[in-house]
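I opened this notebook to record what I looked up in the structure, going from the whole chain down to single residues. The entries are kept in the order in which I would want to read them again.

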Amino acid sequence: MSHEQLDAVLETIPDVRDGLTRTERIILYVLDKTQRERAGRNVPTVMLYGRVLEYVNLSEAEFHVYLDRLGVRGDGR
């Protein structure tokens with residue numbers, strides 16, 4: 001199995017510990033890190049997307065699918 005194939009498998013299969021994929025885990029990690037930098041304030045979606053792109057390559061539409069899957073709402077609730 002090539003490195004690219006292994007990455008694809010790791011991305012599509014949720015982790016047994018908590019059911020998160022690698023990208024979902026990265027999004028939550030970056031969100032937490034950014035919230036700490038902003039003293040607990042809400043993180044604008046554009047800011048989060050830009051920072052997530054430093055770790056994983058995904059389109060804006062894919063990013064919103066992940067946010068929906070994680071239950072993130074854009075109205076601050």
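The entries below begin with the overall make-up of the chain and end with two single residues.

**Entry 1: the whole chain.** I noted before anything else that this is a predicted model. I then looked up the secondary structure and found four helices and zero strands in the protein chain, the order from the N terminus being α-α-α-α. For the extent along the principal axes, I wrote down a box of roughly 45 × 25 × 20 Å, which the C-alpha atoms fill.

**Entry 2: surface, burial and charge.** I looked up the accessible surface of the protein chain, which comes to about 5,700 Å², with 54% of it belonging to carbon and sulfur atoms. Of the 77 residues, 25% are buried. Counting charged side chains, I have 11 positive and 13 negative, and the centres of these two sets lie 8 Å apart. On contact order, I took the contacts between residues at least 6 apart in sequence and noted that 36% of them join residues at least 24 apart.

**Entry 3: the core.** Which residues touch the most other members of the largest nonpolar core? I found that this core has 13 residues, and that the ones in question are I27, V30, L48, V52, L58, F63 and L67. Helix 2, helix 3 and helix 4 each supply at least two residues of the core, and helix 2 gives the most, with four. I followed one of these members, L58, further: setting aside residues up to four places away in sequence, L58 touches T23, Y49, V52, L53, F63 and Y66.

**Entry 4: helix 3.** I looked at helix 3, residues 45-52, and found L48, Y49 and V52 buried. Viewed down the helix axis, the buried residues of helix 3 fall within an arc of 100°, and so they line one face of the helix. Their cover includes helix 2 (22-37) and helix 4 (60-70).

**Entry 5: helix 4.** Here I listed F63, Y66 and L67 as buried. Why do I describe the buried residues of helix 4 as lining one face? Seen down the axis of helix 4, they fall within an arc of 100°, so one face is what they line. On the other side of helix 4, A61 and D68 are exposed. The buried residues of helix 4 pack against helix 1 (3-12), helix 2 and helix 3. Just past the helix I checked the backbone and noted that G71, which follows helix 4, has a positive phi, near 80°.

**Entry 6: two single residues.** I looked up T21 in the loop between helix 1 and helix 2. Is T21 buried or exposed? T21 has a relative accessible area of 6%, and because the cut-off for buried is under 20%, T21 counts as buried. Apart from its neighbours within four places in sequence, T21 is in contact with E11, P14 and Y66.

I then turned to L70, which is found in helix 4. Its relative accessible area is 24%, so I recorded L70 as partly exposed. Leaving out neighbours within four places in sequence, L70 is in contact with L20, E24, I27 and L28. As a last distance, I noted that the C-alpha atoms of L70 and K33, which are 37 residues apart along the chain, are separated by 17 Å.

Terms used: Residues are numbered from 1 along each chain as its sequence is written. This is a predicted model: local features need pLDDT of at least 70, side-chain atom pairs count only at pLDDT 80 or more; totals for chains, interfaces and linings use all residues. Side-chain values use heavy atoms; hydrogens and water are left out. Buried means under 20% relative accessible area, exposed over 50%, partly exposed in between (1.4 Å probe, protein chains only). The arc is that of the directions from the helix axis to the C-beta atoms. Contact means heavy atoms within 4.5 Å. Accessible areas come from the Shrake-Rupley method with a 1.4 Å probe; for residues, only the protein chains shown count as cover. Lys and Arg count as positive and Asp and Glu as negative; His and the chain ends are not counted. The place of a charge is taken as NZ of Lys, CZ of Arg, CG of Asp or CD of Glu. A nonpolar core is a set of buried Ala, Val, Leu, Ile, Met, Phe, Trp, Tyr and Cys residues joined through side-chain atoms within 4.5 Å.
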